[in-house]
Amino acid sequence: MSESSTAASRQAARDTLAQEVLEKNRTARRRIAVAESCTGGMVSVALTDIPGSSDVFSAGFITYSGHAKRSQLDVSSEILETFGEVSLATAWAMAAGALANSDADVAVAITGIAGPGGGSEKKPVGHVVFARALRGQDPDDYFTQRVQFGSKDRTMIRHAATLFALDLLQPDRDSLRPSEDIALPA
């Protein structure tokens, strides 16, 4: 498959999933927010590329730096210093901050190492952490998950993380609870 047809296929999958997320949340009469780091706004773009998304999409926070996570999402310095910017605790705090700083009913957060550099033995390239929070949910029950995407390609990792995050915004994911680490292809 050529590079352009692969990109078109990825775009089509993203658009289909974003449309489904918006339709299902519209039916459920709820609003969504996202807090993004390594995806740099790709989830927000996927949702806002769909005409009429404003009745469902509440807010998108692109918090690439620790400073942005602190100032926009109220992630504490203690969390960042103790666990790092790519951690379950940081993703959890990002999702909580997205809810607190918006009128959304559900929020998803993404932070990770898309590469090609920046990885380590403990957190290699492709290591992405997600969190999902529902308004009114016990914060101890927020869904969090570390995923190791099986690619070193920045574009593939960011695309796979975008799709994973979009899927987490589906209403039928409301029963998810903290999870074990998983490995997925990118």
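**Stop 1: R132 and D174**

Select R132. With a relative accessible area of 3%, R132 is buried. Here buried means under 20% relative accessible area, exposed over 50%, and partly exposed in between (1.4 Å probe, protein chains only).

A word on what is on screen: this is a predicted model, where local features need pLDDT of at least 70, side-chain atom pairs count only at pLDDT 80 or more, and totals for chains, interfaces and linings use all residues. Residues are numbered from 1 along each chain as its sequence is written, and side-chain values use heavy atoms, leaving out hydrogens and water.

Now add D174. Its side chain meets that of R132 in a salt bridge, 2.8 Å from N to O. The pair spans distant parts of the chain, 42 residues apart: R132 sits in strand β4 (residues 127-134), D174 in the loop between α6 (154-168) and β6 (182-184). Unlike buried R132, D174 is partly exposed, at 25% relative accessibility.

Two terms need their cut-offs. A salt bridge is a side-chain nitrogen of Lys or Arg within 4 Å of a carboxyl oxygen of Asp or Glu. Helices (H or I, at least four residues) and strands (E, at least two) are DSSP runs, numbered from the N terminus.

**Stop 2: along β5**

Keep R132 selected and add F143. F143 is the bridge partner of R132 in β5. How do β4 and β5 run? They are antiparallel, joined by 6 bridges. Strands count as paired if DSSP finds at least two bridges between them.

Show β6 next. β5 and β6 run parallel, with 3 bridges joining them. To see a partner pair here, select F149 and L184; L184 is in β6.

Step back to β5 as a whole. Of its 7 residues, 5 are buried, so the strand is largely enclosed by the rest of the structure.

Zoom in on T144. T144 is in β5, which covers residues 143-149. T144 is buried, at 9% relative accessible area. Which residues does T144 touch? Leaving aside residues up to four places away in sequence, T144 touches L88, W92, F130, A131, P178 and S179. A contact here means heavy atoms within 4.5 Å.

**Stop 3: helix α1**

Select α1. The helix has 25 residues and reaches 36 Å from its first C-alpha to its last, close to the 36 Å expected at 1.5 Å a residue. The expected span is 1.5 Å times one less than the number of residues.

Color α1 by accessibility. Which of its residues are buried? R10, R14, L17, A18, V21, L22 and N25 are. An α-helix has 3.6 residues a turn, so residues three or four places apart point the same way. Show what lies over this side: the cover for the buried residues of α1 includes β1, α2 (42-48), β3 and α6.

**Stop 4: charged pairs**

Side chains of opposite charge can pair when their charged atoms come close. How many salt bridges are there? The count comes to 10.

Stay on α1 and pick R14 with D15. Their side chains form a salt bridge, 2.7 Å from N to O. R14 is buried, at 10% relative accessibility, whereas D15 is partly exposed, at 27%.

Now go to R31 and D103. Their closest N and O atoms are 3.2 Å apart, and the two form a salt bridge. R31 lies in the loop between α1 (3-27) and β1 (32-36), D103 in the loop between α5 (88-100) and β3 (106-112), so this pair ties together parts 72 residues apart in sequence. R31 is partly exposed, at 22% relative accessibility. D103 is also partly exposed, at 44%.

**Stop 5: backbone angles**

Select R29, just after α1. Its phi is near 55 degrees, a positive value in a residue other than glycine. R29 is in the loop between α1 and β1. R29 counts as exposed, at 75% relative accessibility.

Jump to D74. Here phi is near 60 degrees, again positive in a residue other than glycine. D74 sits in the loop between α3 (66-73) and α4 (77-83). D74 is exposed, with 52% relative accessible area.

Finish at G115 and P116. What kind of peptide bond joins G115 and P116? A cis one, with omega about 5 degrees. P116 is in the loop between β3 and β4.
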